[in-house]
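Subject: Structure for your review

Dear colleague,

Please find below the sequence and structure that I am handing over to you. My findings follow directly after it.

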Amino acid sequence: MWALREVPVTDDEAATALLWGLRHPDEEVKIQAALSIAHRFKGQDDIETELLRLLRDGPSASTQAACLYALGVGWPTSPETSQRIEWARSQAAYPVRIAALHLLLRADLDDPQELRPEERLWLIELVRREDRLFSHPWKAMVVQLLDRAAAGNRQMADFALETLRGNGRNGGDRDLAWALACRVFSDDDRFLEWTASELGTEHGMILFNINMVPQRWREHPTFQQVLAPFVTHELTRGIQPFTVIGLSRSMTDEAARAALLEGLDAHRPWSAARELLKRFGEDATVVTALRDRLLGNFKHAAPLADVAIDVLGLEKGFELLIGLLRHEGGLDEHQVLVANAVANAWGLLRSTAAGTTLEDGESLADAQAAAQRVLERHDAAEVSRLCTQVSAIVLSWHVPSIISAWPDQGHVIDYARRALQDSRHITVGNDDLTHSAVLQAHAGRDDARSRVLTRHALDLLGHLDAELREVLAFELTRSALEPAELIATIALWKTDPDLQVRRTIMVGTARNLIARQEAAEASGRENLLPEMAWLREQIREDLCAYGPELEEDRQIAWIGMLLLQDLTLIDGLHETFGEPNEPGVKLTGLDFEPDPVLTDLIAANWPELEQHFGDRLYARLTGRTQQTTDAPRALVLAALASVAAYYPHIAELLRSAYSDASDGPVLRGDRNVILWAKRDARADLSILTALVSTLTPYSPRRSSVVIASLLDIESWNVSVEDFAATLTVSASDWDSPDAWVDREGAEQRAVYAQLFPRDPVTFTWFNGLSEWFTHRAGPGPSSWTDTLAICFSAADPADLPILICRVHERLEAAPLTEMRLATGPLLRRLATDPAAVAALHSALGADLTRESSPLFARFADPVVKAHPNLARLRRTYLLALVLKHAGQLKRQQAAGVTAFLTSADPTLTVHDPFAGSTGPLWLSLMDLLTRN
């Protein structure tokens, strides 16, 4: 996105990619797209009109924020921009409000009154709660806003210090506290002393950007005492030694030189080497140290390849690099570093020979002559081919440099195209410069292949969200496309970074080609269709897959193999890393939940699997054939329990193993097995006790299935008294007014409060919470799970509207899994309490008549409170949506609410707590009208 601000593509091409980039799911991409639009199209009316349309229509609040940001930077004096900034200041959506406030400061950095009192208060409140999970680019803007909002606030300084000292145990945002320490509170020596003390510990400051340390601290004697040991440690043994280069510049020359020289023997010494040349390039000791390592063996020279030409000169340096490039063996990382250095050096040689670069210490004529001699001695095709042969499987640092260095080499163009199609940088979360390198190297070139490559790079910027790709894949594999056309369309399916998309393609393609193969055989064909042969090759390749998603890739391959019903596809394969064992597959994902498609296919093909793999079957299905697994049969059957109800032979295996001496203990403690046992034979007290024992306070997602089963009390053959007693058996201080302080037992309390909302124990907890929220004395609630269940189950019906609004406001920026801890108990209350439903209906479109409850009262957004009319609109939408999901909003009522809201302000941003989305009101109202 950022490269498009000035690469020589047409404005139409750039605008198409950049405007679509404003919709990208990654927040950083949106910000860079906004900045590029402002840079490239500043002041252009047609782009301003399009940005205003997107700002109005969404589809999401973060897209609206990016549009506003582009307008503010590129069209700062436009009346429309001023109007939309003013509109955005009152919106509840965090990105929209942050963008507006940030633009105000950009417009007038000298006016300390730009922030309104409620905006200052809101910004300060952001520091108090780290669970406000708005994305990093917007958070970076908050850091600058806090310079204004927190200036001179001693109480905020105390809180930030407490947050840092306690590592966020007070709930404070550690990143923002650190930013305050280094910026607005940098004159407070308490922060300096804390930072100095942390630098002296083993893992001090690992969570923070140490380069934010202000210059005043760096020069302070207290800081200087710990600075040299810390920098030396990070340079020699740190994971990212480059992060302390800036700090080394605050050290004395002697101390810095000593630390940087030690850094030359570290795992990644190039940042130390570069700094040594920059700061001590004339020092004989430094030059000798660098020369000795470069002229030594490959292990010592390769990590310093980046400085070879600086140390040895153009000719000797490049000859050394070529020798290192031809070296066989060594670490993959070292080979990557050498290839990257060679590519960068080739670009330097070309620009120097052309007279556009002047190396320090050499005259232009001498440098040109030296560069020309080197270029004449080496064939560009050969050098570039050597570079492209360096593996990019583990690291791809060299790929952009290679693309930039040889844009005229056909095989490098092919290399660039393959790099564009690779998704590993996404799956492993690394920054990737391939796109920008391709655009900068090839956009504007006249040759046809460069034009095609540029077009390909631009096309790839037109992303589709994963959900849309999944739907598209599903429809493509069910379409009337000929097999060859289908395979050509999905040929690069493995590069999709989304697991569900890849899975959908495998399942759909396998079923499509199976039908095609059967039809061909019915017509007399005796051999495989070429497309079926291709699919079999793809499956066999991934049955022994490696890489960051090897387990998921192997699961997809097993799904394909089982769909084709050909287990011979795995025969003869052996692991190529570690011991050459037979490859297996795990039946569970990263969340430890059984894979529903794979387990279903395993169960359906169980007899064939037993016959083919024999006594090795269970080991194969644990995915751990290289290791000793204590109970492979129990692990496999526990995963298959989720589908056992549909396969009698699996259910019979479970019944037998359930009472087995070796496998029984594992199975009887597994949640999925217990849930199967409940459905299979009985739902008695012993099963209930076992299921309650699986509740865990540290895995809400896994516990949610258990809680749902427990809340279905009618499905149990247990008396109400025994049910209640079972929930309390493992809890200490069960009926204490502040039982919710203890994280243990939160799930049991949540179930109890929802099943027995009128019980004295539930009211005891509720009253205890009310007391704590009133006075905030002593420890507070430790879990949303029981706190929300207690509040929504026991609150007076008249208090529900305000509680819904407060909790929603508190959790709006939290993950959807946390919001469900509120919506679940709330919908259960509305399903059983007509008075609660009536209270919500009464609050629609009206001012709240009751706001006296102390519960969650402190969480009110001060900006929302300052705009009561807008707050009423948001509240009406929220309560109507809750009623809709509870089945308590008739179509005529929904139409009336919609008419009321759209007549007031259809551009208002609102949040849907059930979908987890934030966007313009008019778009959200469509769901209110159509959702069943």
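Leu923 has a relative accessible area of 27% and is therefore partly exposed, since buried residues lie under 20% and exposed ones over 50%. Please note that this is a predicted model. Leu923 is found in helix H53, which spans residues 921-930. Not counting residues up to four places away in sequence, Leu923 touches Asp57 and Pro59. Pro59 is 864 residues from Leu923 in sequence, but the two C-alpha atoms are 7.6 Å apart in space.

Salt bridges

The structure holds 57 salt bridges. Side chains of opposite charge can pair when their charged atoms come close. Three pairs are described here, followed by a network.

Arg154 and Asp158 form a salt bridge in which the closest N and O atoms are 3.6 Å apart. Both belong to helix H9 (residues 154-165), and because they are 4 residues apart there, about one helical turn separates them. Arg154 counts as exposed, at 52% relative accessibility, whereas Asp158 is partly exposed, with a relative accessible area of 33%.

Another salt bridge joins the side chains of Glu275 and Arg249, at 2.9 Å from N to O. Glu275 lies in helix H16 and Arg249 in the loop between H14 and H15, so this pair ties together parts that are 26 residues apart in sequence. Glu275 counts as buried, at 5% relative accessibility, while Arg249 counts as partly exposed, at 44%.

Glu575 pairs with Arg554 in a salt bridge whose closest N and O atoms are 2.8 Å apart. This pair links distant parts of the chain, 21 residues apart: Arg554 sits in helix H33 (550-564), and Glu575 sits in the loop between helix H33 and helix H34 (596-604). Glu575 is buried, with a relative accessible area of 7%, and Arg554 is buried as well, with a relative accessible area of 5%.

In addition, Glu50, Arg53, Arg56 and Asp57 are joined into one network by salt bridges that share partners. Asp57 is also one of the residues touched by Leu923.

A buried acidic residue without a partner

Which side chain of opposite charge is nearest to Glu118? It is Arg116, at 4.8 Å; Glu118 is buried yet has no salt bridge. A salt bridge requires a side-chain nitrogen of Lys or Arg within 4 Å of a carboxyl oxygen of Asp or Glu, so a separation of 4.8 Å does not qualify. Glu118 lies in helix H7 (residues 117-127). Leaving aside neighbours within four places in sequence, Glu118 is in contact with Pro862, Val863, Ala866 and His867.

Helix H15

Helix H15 covers residues 253-263, and its buried residues are Ala256, Ala259, Leu260 and Gly263. They cover an arc of only 95° around the axis, which puts them on the same side of H15. These buried residues pack against helix H13 (221-237), helix H14 (245-248) and helix H16 (270-280). Helix H16 also contains Glu275, the partner of Arg249 described above.

A nonpolar patch on the surface

Trp20, Leu464, Leu468 and Leu472 form a nonpolar surface patch, with about 350 Å² of accessible area together. Trp20 lies in helix H1 (residues 11-21) and is partly exposed, with a relative accessible area of 32%.

With kind regards

Notes
Residues numbered from 1 in each chain as written. Predicted model: local features only at pLDDT ≥ 70, side-chain atom pairs only at ≥ 80, totals over all residues. Heavy atoms only, no water. Buried < 20%, exposed > 50% of the residue type's maximum accessible area, 1.4 Å probe, protein only. Helix = DSSP H or I, 4+ residues; strand = E, 2+ residues; numbered from the N terminus. Arc of directions from axis to C-beta. Contact = heavy atoms within 4.5 Å. Lys, Arg positive; Asp, Glu negative; His and termini not counted. Patch = residues over 30% accessible without salt bridge, like charges linked within 9 Å, V, L, I, M, F, W, Y side chains within 5 Å. Areas by Shrake-Rupley, 256 points an atom, 1.4 Å probe, with all protein chains shown as cover.
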